[in-house]
Each structure stands twice: as C-alpha cells, then as structure tokens.
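Subject: Model for you to look at

Hi,

Here is the model I said I would pass on. Please open it first, then read my notes below.

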Amino acid sequence: MFIPRLKSLAIGALALCVAVPAMAQQVTLAHDKAFWDPGWTATAAEAGFTPTAYPTDQFVGFIQSSVAAGTQPGLFTWWTGRALDDLAASGGIAPVDEIWDKAIADGQFPEGLRALFSVDGKAYALPVNVARWVVLYNKDTFAKNGLSEPKTWEEFEAAMATLKAAGITPINATVQDGWRGFIWFQELMLRTNPDAYNALHSGELAYDSPEVKAAFDIWTDWASKGYFSDPRSTTEAPDFAGGNAAMYLMGEWVIGGLKEAGMDVDNNLGVFLMPNRDPAMASTLIVEGGPLVLSAKATEADRAAFEYWATEKAANTWAKSMQLFNGNLNVAPPNPVFGEVTAAMSEKDTVAYQRWWEAVPTEIRGDLVAELSSFVLNPTADQAAQAMANMQALNADYWANR
Amino acid sequence: MGDRSMSDSELGALDAERLGSADVRQRRRNALTGALFAAPALLFVTSFLLYPVAMNVWYSFTAWRKFEGLGEWAGLANYQRLATNPNFEAAAINTGIWVIASLVLPVALALALAVLLNGARFSDTAKTLFFLPRVLAPTAAGVIWYYVYAPNGVLNGFLSLFVGPVDRGWLFEDSTITPAIIVAFVWQTVGLPMVLLLIGLAAIPRDPIEAAQIDGATPGQVFLHVTLPLLLPTILVVVIISVLAGFTAFDHIWVMAQSFPGKRRLSLTVLMYYEAFTNNAWAFASAIAVVLGGIVLAVTWLQAVLQERVDRMLK
Amino acid sequence: MNRVQPQHLDLSAIDWREVARRKRRLVSGGSWGMWLAVAMALLWMVPFYYLLITIFKSPAEFATGPKLALPEGLWPVVGNVSAAWQAARMGPAFLNSAIYAVTGAASAVIIAAMAAHGLARFDFRGRTALFMTIFAGTVFPLQLYLIPLFFSYQSLGLIDTRLGMILFYTAICIPFPVLVLRNYMSQMSREMDEAARMDGCGEFRLFFSIVLPNASSPMLALFLLQFTWVWNDLLFATVLTQSPELRPIMPALQVFQGGYASQSPTVILTASFLASLPTVLLFLAMRRTFMTGLTAARN
C-alpha cells in the first residue's frame, strides 16, 4: 500500500528540512557575481566573511527590501552611478570617507578613483572591481596579417579593412543576454564627442541629435562593411577565445573568462586604447567600477572585513584567484594586459568616463538598450533612425515626467 | 499545471443533498469534524496563496518602487501608467496572440490526434509519445528548442536542404519569435488536451454512431453531426485549459528569448517579471499582475457559464 | 446521457453488403489515419532525438558537424556530464529537488485528502464556502503570488530556507487535489464509515485506515502530477531560493544562461537532459497511473 510509504517519506523529508543548521553570528558579504567564486573564496578565507551569491534579479529585490526592513547584510556589492545614488539616498549604507582618506594616504588607491565610488562628494564604497574598457586583440591574428596596434582612427579603420579582406571578422560583438547593445554606441560616442556622451545622461542632449547620428553613421558604415561578428551568437567570449574574431572591446573582467575558455591570455592577448577620431582630443576611457558597500548598521566585525578590501593583501589575493583587478596601486598585475593599460593611461593622462549602463537613468535603461540591441541585430540606416527616434521618445518622456 | 483551473459544475448541487432529518447535535458534530479536516488545507491556501493575492492588489495601489513608496497610497496611478507604458500595448497584443494560438492550435491538433488514435493499434504507445514532452520541464524544452532555432541550428539546416542556405535567427526577429516559441509550446503541451479528448471519445456511446453509419452517413458526417456534439463538454474543458495556459505562458518565453532585445514585449507575464525584478517598479508590476489575474478570473467565470449551457443543451 | 436514436429502423430494407463495404472503407480510412498519426509521432520525437544525439557529441563535433547526424562516438558524454554536473552543482540541486518535490507533493495530497474527506463526507452548512475558498487557490495566475511572497518570505526569514520552499510547494499543490478528491470521495459509499463508527472507530482512525486506502489510486496519480509540477518549477524556485546549497535543479540550470556563461551547447543540453531524466523515467514507469490521474482530473 502506498499511503504508509508516502507518510514515512513525508516525515523523513520534513525532518530533513527542520534540521537546517542555525546560523552563527557572522559577517555576510552578499553579491550577485557568482562567476567570481574563486575570488570570493580566496578573500573570504583571509578576511573571515561568508560570501553569499544571489542571482542578479533577486539580489536587487533582496537588497531593496532588506534596506527597507533594516536587515541588509553587513557587506554587499552594488553598482556605481545612479544605482549608488539611490542606495545612498535610502540611508541603508554608511559613508566611508575616512577609510578612503587612509587608503589614499597609504598609497593604496589613486585619488582619481574615489569619485567613481562617491555620491555628492561623499565616498560610499570600496572598489572590488575596476575594469577599463579597452580593445583586446588576438596577437597571432594581428601578426599573421602584418598588423600592429593602431594608434589613430585611420590606422584602426585600415586594420579592420585588412582583416576583413583576409576573411577574418574584425570585431567580436553580440547581443547575448540582451544587455550588450550599448557597448559600441558608448565607445563611438566617446571617441567622437565625449561632451555629448555625458550630456546624453543628464537629459541635455537628445538621442536623435546630430551628435548621436554621427556615431550611428560610423556604426552603420562599419556594420555594412561586415566588420562585426554575428550578433546572434550566445557564446561571445568563447568565440573570441577560439579565434573567431580579431578584436573584442570589453571590460578587463572578461580576461578571466577568456582564459577559462582556453585562450592563452598571457601570450596571445594584446590590448590598446581605442583611438579618438580627432587626434587633438584628450585621451579618454570608459572605466567601470564594481563597488562594495558597508551597511549603515554594520557591526565592528563587518567594518573590519570591509576595511580589508582597502589593503594590498586583498588586492593581491583577488588578482591571483582569477585575474581580477580592483584598482589598487600596489597590486602585482594579474596579467600583462592590466599593467599595459595602467601604463598607457598614465602616459596619456587619460580621463575616466562612466559606463553608459551606470550613467543612464535606470528607469529607461532596459528600453534604451533594447533599441540599441535591435540596431545591432539589424544595422541599417533605417533601423538607426528608428532607434534614435524611439530612444529620444523614451528619454524625453523620462525627463519631462521626473 | 494547466489543470489547476478546472472548475466543478456541481459545486452547489452537493449542498442541496443535506440530510433533512439528522438531529442538530449530530449536525454540529459533523460541521466541527468536517471543518477540522479541512482546516490544514484552508490554513495553507489562505496564508500562502490568498494572502499574497490580497497583498498584490494592495501593492498595486501604492507608489512602491526601488527603496521607497511602500505603503504610500497612489490611487490608480499604476493602472493609468499601463496606458502610457511603451511596452504594455505590445505585450498585451502578444499575449492576445498567445491566447488565440493556444485556443486554436493545441485544440485542433489534439482533436485530430485523438480522432486518429482513437481505437487505433499502437494508440497506447503513440499516446505516451505525444504526452512525453509534457513531463519535461518547460525550461528544458525551451533549451532544446533554442538550439533548434539557432542560426546554425536544426531548423535552418533542414530548410537548407530544400531552398539553399538559410540563416535566419528565428528567435531574434520580431516577426518570427512569438510563432517560434508558440510552436515549441504546442509541441510540449498538446499531450494533455489529446489525452483528455481521447478519454472523452472513449466515453461516447457506440449506438448513435453505429446507427448513423447504418443510416448511410459518411465518416465525415458522423464526426460532424454525432461525435463532435457529444464531445463538446470535453472540448470546452480543453479549450479553457489551453487558453489559460496561453495567458500565463512564461517559462518558454523566458528561456527562448534570453537574448532577444524586445523580450519584455513578448507577453504580459514577462513584462510583469521585468518591471518587478529588473526595473524594481514593484507597485506597477503588481498592477500588471492584477490585470492578468482579472482576465483569468473572467475566463474562468465564462467557462463556468458555458459549461452550464452545454450541459443543459445536452440534457 | 442522451442517446440519439434513429426514428425507425427497417432491418429488412438494409443493404447489408453496402454496410459491410462502408465498414471496410472506414477501417482502411482508419489505418491511413493511423499512418498519419505515426508520422506525426515521429516528427514529435525529433527534438528528443536531437537531445539524445547531442549529449554524445563533443563541443567541437557539435560546432562543426551536421546537427542531426549520429554522434561519432559515445565517449564525449562523460565530459559533457561532468562539465554539466560541476557547473550547475547538480549534486545538491538534485537532492533539493527531490526533497521539495516529494515532501511538497506528498504533504499536499494528504492535506488535500483530509480536506476532501471533510468537505465531501460530512454535511454541514458552509462547506461549499470552505471549498470555494480552497478552490480559489487554483484560479489566479502564478505571477500574482510572486512579489508579496518574495517580500513576506524576506521579512519572515523564510527566504532561502528548505522549510519555506516546502511550505509554499505544499500550499500551491493543495487546491487541485482537493477538487479531484472531493468529487471522488463524494462517490464513495458512506456505509462503511457508519459501520466503523458503530464499532467505535474514531474519526481520524476512520480517515486514515478506511477512507485513505480506498482513495489511494487517485491520490498516487495526483502525487505524481504534483511531484512533476514541483520538480519542473522555475519561477518560484528562482525567486524564493538564493544559495546554491538550497537551490533545486531548475534554477541551478540558469547558470548556463547568465551573461558570463561560456559553456558549449552540448553541456547545456546535457544538463537539461539530466534534469529531466527523473520525471521522464517516472512517467514512463507509471504512465498508466498518470493517465488515471488525468481521467480523475477530467471528471
């Protein structure tokens, strides 16, 4: 008879679930970056916190509701830009200026990095990730085609033409997972008109203005020449690692993934800063910051674990685990690429710009990036015009009803 | 769990058979024992299902988004926003397409299969085969079909055999993505309506059919004039199950439209999830859920009315 | 049931040979239809075929070869399984799915049987209202539960706990079995109840030792249906669990969907295959019981 069997099963399983171990008082670091697991494990072993991974969507909801209830975890990762503004305004996190003062005095972080993690001049976070958005390239492919790192816009376009003529896709770019559509838009805006790029984010410049159209024109032109890879691939990083395209514009955090996908990142991966269209323009670069924040209700133990992230030790452990870089000045570069980027930036006195993703109002971000992705999938002049019109409609509506 | 929403046409009828002569004490004891037996189920349902529904309705009238506005009365603002939201109309239209498609496709296909398989040899095996996809998780089915539709996938490869190289991204184009996902959905869900219709067919008495055959009716006439009317109650159940499944489809879209830019426009359920968990417009998302719930309630009510009509018609 | 009767039937006037001919035509038409059904069944199996051959292909073989060709060898499956197993942490995920699905479905069916017993076999005022309250749990789209449940669980500390998962799955699995079992139990004879009561049998013993055994076959069918539902659930598992230790198999598969995922389609399909294996095997082994459950659902 099955009923008694069911009953005993039910009782057994109930016993199992009641036996969930009671949590001891501990320092929790909540994050949505499970793909950095080796890094979290290595640093946790040193600083004595418990890393807890959440899927991104639930993570945001969890933080928002726990801040409202005053039960937020002691430490958690967040995003810079408008997301950090909102979080700081909620009063759920503590200002950490004195930790920055000390770290800068000790020569751990450059003063210039502080602004990225601040709201209205007050620092609210420490960096766990600082990723410069650079052009990574396949050294073998470049060498075989007699190419060197392009220093100017013309050289960059010539390199793409050479590669294309040799049957190699010049640039790896997809719409995988729906968020990547902004990458080349952001880069082309920055390379043609950085002031216009910033003005987009404050609502001062329309998305259908001539400045934006200029960027779209270049984008459309390159796409029509077949310079971009199939945007429908859902294996973007492995494609590049496997040699499917010669160049890949992405944050430095992707290097760990390239290595995982089998690329020899120590020897075969080169890097350069994307040149400006006008050589007279100042050197600029997109810098993405991954902030770690401290709860406004942090305990002493929470604070100690937080301060660990301002040390060289943390930076080195983090870097060694899986080629992660947190902007620390004393860290041994986890990969030659990081050192090269740092050197190039200080040589050219490069100014850091915020990523479009963090700078744009979160309320319309999803809809804007959908328009950009639609263009990536169908890069025609018509689609560009439609994307600009649709984006401006969303943008105008947002700034009018704020 | 499309079968969750089946209703019972005899809800009231049972109450009528109350024992007239039982003494009051016995009745009180009955009520107490009966209610006690029902208590755990009631407790679970009210606290985990009905309470959240009530809360959801309440949220939809607040200004809750991101970190603020929980408990702050906003009146009908969220419902008014539905009209101006750039995605609501498209999502509602797509949900409409889902409903129409799931009204027609699974029912017609299931009916055809049921008629073909009724009494046929191997019908048991065939039944099992058609039902098998339903046991798969929608996510697993979505993943399989994702690669069927990929630019270098099975479908393009198959079409290339006939018309030369095909390089369509079926899940990347506005015009093909919804039909493509619906096909995968029908593939997975047609088993249940088919089995229900087979059960219905088996229950139809042989006499009228044989009588009609003896009268010289063609198989088509027999089907149209005898079998179909007798099958009407079952068809109604199947239609309602399919329509409600179409309204609430989520998993297949979620998995298969992973990289599609206009994902949130693909259905009201996806838009609701997006507004809640990506945009953190909690109150607005609750309003979408309430609209969805209202429609489903209306359909369920319509089904109850129709069922009663059909039952009366057949009697 | 109504009967459509021909007005009058003159047996002597019937051309029996014509009838036999028609019958033959009907039968041959039926076998033609059967072949159509077989063709459709084969078409229906194509995705399964695709799944089965792909898990035996290496990522490189999949990327370059024809998608529907048979695999070159069988060994790549080992690499696919181990990659899928590790990436999705399938060990604990399977255990969790089993715990949630068995406990949730079993307790739901038992609680539902109690409710059905109470509502079908005792006559009292208000029982229809009680039934309607439970039945209301089946009419709302699942999305309506999502946000409030997420935040209530958050504040009750039930989020990301086994207990929280089991409580919710039990609740969502109750209403449908109540509907089915109430109909079933109202058709069961009440005489044996009365006889047992005369013998001094208590109400709970009566339920557990007389009513339950008599309802065991629809209950087993309902258990299988609800087990499958819980096993396959993605929505609530994604929202209500967070840590990998407590996450069941379906959300665990989402690691292959993330923005940083870099797995081959062969590994992703292998993971889907492994995750579906338990419910598919269960269905194949107990398909008659499944179908019985559906018959019960129909009435």
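Of the 402 residues of chain A, 50% count as buried. Keep in mind that this is a predicted model.

Chain A overall

Chain A holds 18 helices and 11 strands. Its radius of gyration is 23 Å, close to the 21 Å given by the globule rule for 402 residues, so chain A is as compact as a globular protein of that length. The C-alpha trace of chain A spans about 70 × 65 × 50 Å along its principal axes. Sequence-distant contacts are well represented: of the contacts in chain A between residues at least 6 apart in sequence, 74% join residues at least 24 apart.

Two domains

The domain assignment splits chain A in two. Domain 1 covers 25-131 + 289-343, and domain 2 covers 133-286 + 357-400. Each is therefore written as two segments under the automatic or database assignment. The centres of domain 1 and domain 2 of chain A, taken over C-alpha atoms, are 28 Å apart. The contact takes 17 residues from domain 1 of chain A and 16 residues from domain 2 of chain A.

Which elements give two or more residues to the domain 1 side of that contact? They are helix H4 (82-89), strand S6 (125-138) and helix H15 (336-348) of chain A. H15(A) gives the largest share, five residues. By class, this side of domain 1 has 10 nonpolar, five polar and two charged residues.

A β-α-β unit

Look next at the start of domain 1. Strand S1 (residues 28-31) and strand S2 (residues 50-53) of chain A pair in the parallel sense. The pairing runs over four bridges. Thr28(A) has Thr50(A) in S2(A) as its bridge partner. Helix H2 (residues 37-47) of chain A joins S1(A) and S2(A) in a β-α-β unit. Is the unit right-handed or left-handed? S1(A), H2(A) and S2(A) make a right-handed one.

One spot in chain C

Ala136(C) sits in the loop between helix H5 (127-135) and helix H6 (143-156) of chain C. Ala136(C) has 16 C-beta neighbours inside 10 Å, so this residue counts as partly exposed. A residue needs 20 or more to be buried, and 12 or fewer to be exposed. Pro175(C) is 39 residues from Ala136(C) in sequence. In space the two are 7.8 Å apart, C-alpha to C-alpha.

Best wishes

Note on methods:
Residues are numbered from 1 along each chain as its sequence is written. Chains are lettered from A and ligands numbered from 1 in the order in which they are written. This is a predicted model: local features need pLDDT of at least 70, side-chain atom pairs count only at pLDDT 80 or more; totals for chains, interfaces and linings use all residues. Two residues are in contact if their C-beta atoms, placed from the backbone, lie within 7 Å. Ala, Val, Leu, Ile, Met, Phe, Trp, Tyr, Cys and Pro count as nonpolar, Asp, Glu, Lys and Arg as charged, and the others, Gly among them, as polar. Two strands pair if DSSP finds at least two bridges between them. A crossover is right-handed if, with the strands pointing away from the viewer, the path from the first strand over the helix to the second runs clockwise. The radius of gyration is taken over C-alpha atoms; the globule rule is 2.2 Å times the number of residues to the power 0.38.
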